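Here is a friendly walk through one model, for a reader who likes to look at the backbone while reading. Please keep the viewer open as you go.

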Amino acid sequence: MINKLSTLFVGLAMMCLVGCSSQETKLAIQIPTPERPAGQEHVVALTAPKLETVHVGIVGLGMRGDDAVVRLINIPGVEVTALCDIVPERVEKGQAILRKAGLPEAAAYSGSEDAWKQLCERDDLDLVYVVTDWKDHANIGVYAMEQGKHVAIEVPAAMTLDEIWALINTSERTRKHCMQLENCVYDFFEMTALNMAQSGLFGEIIHVEGSYIHNLEEFWGEYYNNWRLDYNNEHRGDVYPTHGIGPVTQALNIHRGDRMTHLVSMDTKPFNGKKMAEQFGVENKDIEFQNGDHTLTLIQTAKGKTIHIQHNVMTPRPYSRMYSLTGTDGYASKYPIEQICVRPTQVDKKAVPDHEDLSAHGAVPAKVHAALIEQYKHPIHRDLEKRAKEVGGHGGMDFIMDYRLIYCLRNGLPLDMDVYDLAEWCCLAELTRISIENGNAPVLIPDFTRGHWDEVQGYKHAFAE
Ligand SMILES: NC(=O)c1ccc[n+]([C@@H]2O[C@H](COP(=O)([O-])OP(=O)(O)OC[C@H]3O[C@@H](n4cnc5c(N)ncnc54)[C@H](O)[C@@H]3O)[C@@H](O)[C@H]2O)c1
């Protein structure tokens, strides 16, 4: 369904001399940006008519999809109208959740690879909520918008540049929202740190870090038809970048005053990956296991800032999203322990430098840390924290994500994440592969807004009057 444009792009990609941000001219791989189709406008700050009740159709009811049903029925103004999964028993599990909550059953679609098309074609849906495996995300998103529905798609919402441009062009043409369901931007520390950054506590944010480091050894066998290990088997590069890059690019105001210009990426060999493929029987006879056990990516922005992203799902390291913000006047990080650092004089006006006591150059003490966390608690968390923790979903952040999506749709507000966020976060999958396969060469990152990245100044959440 989606054109193989990027195959052409990669074919055309060439090492060429180009100006990269404010730095001197560099040798980089250029990825052409397709022209915006005639008659189509950008969707920065897109709004749509208010919806009193949001009628939702959910596609994909595996491990993650079931939880989505539970969360959505706990949000005011939501009706789960239709459910779809290839496997009929999984739709039945979704129906059981509705029955247990005393709600009517939803219309059910099942039994074929494209039963989701019939769900998208219903005329009583407002939002298609996609929780299938990665290969169908963008196809379902494009089709749903073409059928006049808003769409919310699990991470990563798109795996290739073709898919990304198809989602952007369809959202721009249809004026339908296309949001990626990136939950980590709503986690408690990340939102508090974002609030600190936006309040100026850290000065100007100049360098950020994020990652997905999670040993998936115990989970590989749980995915439907081994889709996840299959994907890693066949694709090199950072195939799951959004949890790491999402929260930190909000703090850098990406496409709200700055933009990512280019990246370089490097990976290890698939030392454990190859063994996992053998263990779970997903070896592809034609290729060696592709995805490196550890992938590192460096990104620069137009305003001379830097981003460091990592991906490792293969080794027994402690879980980490590596979240950190470095500013001209301070620092916050979440893993392995939460730390906040500001100049001592920012906390105590009478503080004097003590060269014998290097703890003065460490994080603020626990009491100051707790006070800062309370002082800068994000207004969204002040409102929703209690309810979010009751309903749950990764400690509550998943509920806040769904709540904000529905709240913005009901109030006709721009969503917290637009299709360009989706594009910027997901493009890493293909662009890191291109960098790695070309000797870690710099790769230019397209301006997915096609000229509109500097119009809105600063990332913000929208609120009803
Ligand atoms: N944001 C998060 O924290 C988070 C956590 C886990 C998973 N995820 C994402 O959620 C998605 C689903 O992951 P999962 O762990 O639930 O995987 P899963 O394998 O448990 O579930 C996928 C489901 O999709 C169904 N499916 C596949 N193709 C379909 C199609 N064409 N039509 C209808 N149904 C189809 C399968 O039958 C299965 O029930 C993935 O994109 C994953 O990356 C996100």
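Which residue just after H14 takes a positive phi? Gly 412 does, with a phi of about 60°. Before going further, please bear in mind that this is a predicted model.

**Helix H14 and its partner**

Let us stay with H14 for a moment. This helix covers residues 397-410, and its 14 residues should span 20 Å at 1.5 Å a residue; the C-alpha atoms at its ends are 20 Å apart, so expectation and model agree. H14 is also mostly covered, with 13 of its 14 residues buried.

One helix that packs with H14 is H13, made of residues 379-391. Their axes lie 8 Å apart and meet at an angle of about 120°. That angle falls between the 115 degrees that end the roughly perpendicular range and the 145 above which helices count as roughly antiparallel, so H13 and H14 are oblique to each other. The crossing in which H13 passes H14 is right-handed.

**A second helix pair**

Now turn to H5, residues 137-146, and H6, residues 161-174. Here the packing angle is about 10° and the axes are 9 Å apart. Angles under 35 degrees count as roughly parallel, and H5 and H6 are therefore described that way. Their crossing is left-handed.

Within H5 you will find Ile 140. Is this residue buried or exposed? Ile 140 has 25 other C-beta atoms within 10 Å, and 20 or more are needed, so Ile 140 is buried. Another residue to look up from here is Val 128: it and Ile 140 are twelve residues apart in sequence, and their C-alpha atoms are 8.6 Å apart in space.

**Backbone details in the loops**

Two cis peptide bonds and two positive phi values are worth a visit. They are set out here with their angles.

| Site | Feature | Angle |
|---|---|---|
| Val 155 to Pro 156 | cis peptide bond | omega about -25° |
| Tyr 335 to Pro 336 | cis peptide bond | omega near -5° |
| Ala 45 | positive phi, not a glycine | phi near 60° |
| Asn 440 | positive phi, not a glycine | phi about 65° |

Where do these sites sit? Pro 156 is placed in the loop between strand E7 (150-153) and H6, the latter being a member of the helix pair with H5. Pro 336 belongs to the loop that runs between strands E14 (330-333) and E15 (339-342).

As for the positive phi values, Ala 45 is in the loop between strands E2 (26-30) and E3 (54-59). Ala 45 is partly exposed, because 15 other C-beta atoms lie within 10 Å. Asn 440 is in the loop between helix H15 (419-437) and strand E16 (443-444). With 15 other C-beta atoms within 10 Å, Asn 440 is partly exposed.

**Around the ligand**

Finally, have a look at the ligand. How many residues surround it? There are 25, and the closest are Gly 60, Gly 62, Met 63, Arg 64 and Tyr 224. By character, the shell holds twelve nonpolar, six polar and seven charged residues.

Helix H2 (63-72) and strand E4 (78-85) each supply at least two residues of this shell. H2 gives the most, contributing three residues.

How values were computed: Residues numbered from 1 in each chain as written. Predicted model: local features only at pLDDT ≥ 70, side-chain atom pairs only at ≥ 80, totals over all residues. Near = placed C-beta within 6 Å. Helix = DSSP H or I, 4+ residues; strand = E, 2+ residues; numbered from the N terminus. Nonpolar A, V, L, I, M, F, W, Y, C, P; charged D, E, K, R; others polar. Expected span 1.5 Å × (residues − 1). Buried ≥ 20, exposed ≤ 12 C-beta atoms within 10 Å, placed from the backbone. Axes fitted to C-alpha atoms, helices over the stretch in contact; angles between N-to-C directions. Parallel < 35°, antiparallel > 145°, perpendicular 65-115°, else oblique. Left-handed = near helix turned anticlockwise from the far one by under 90°.
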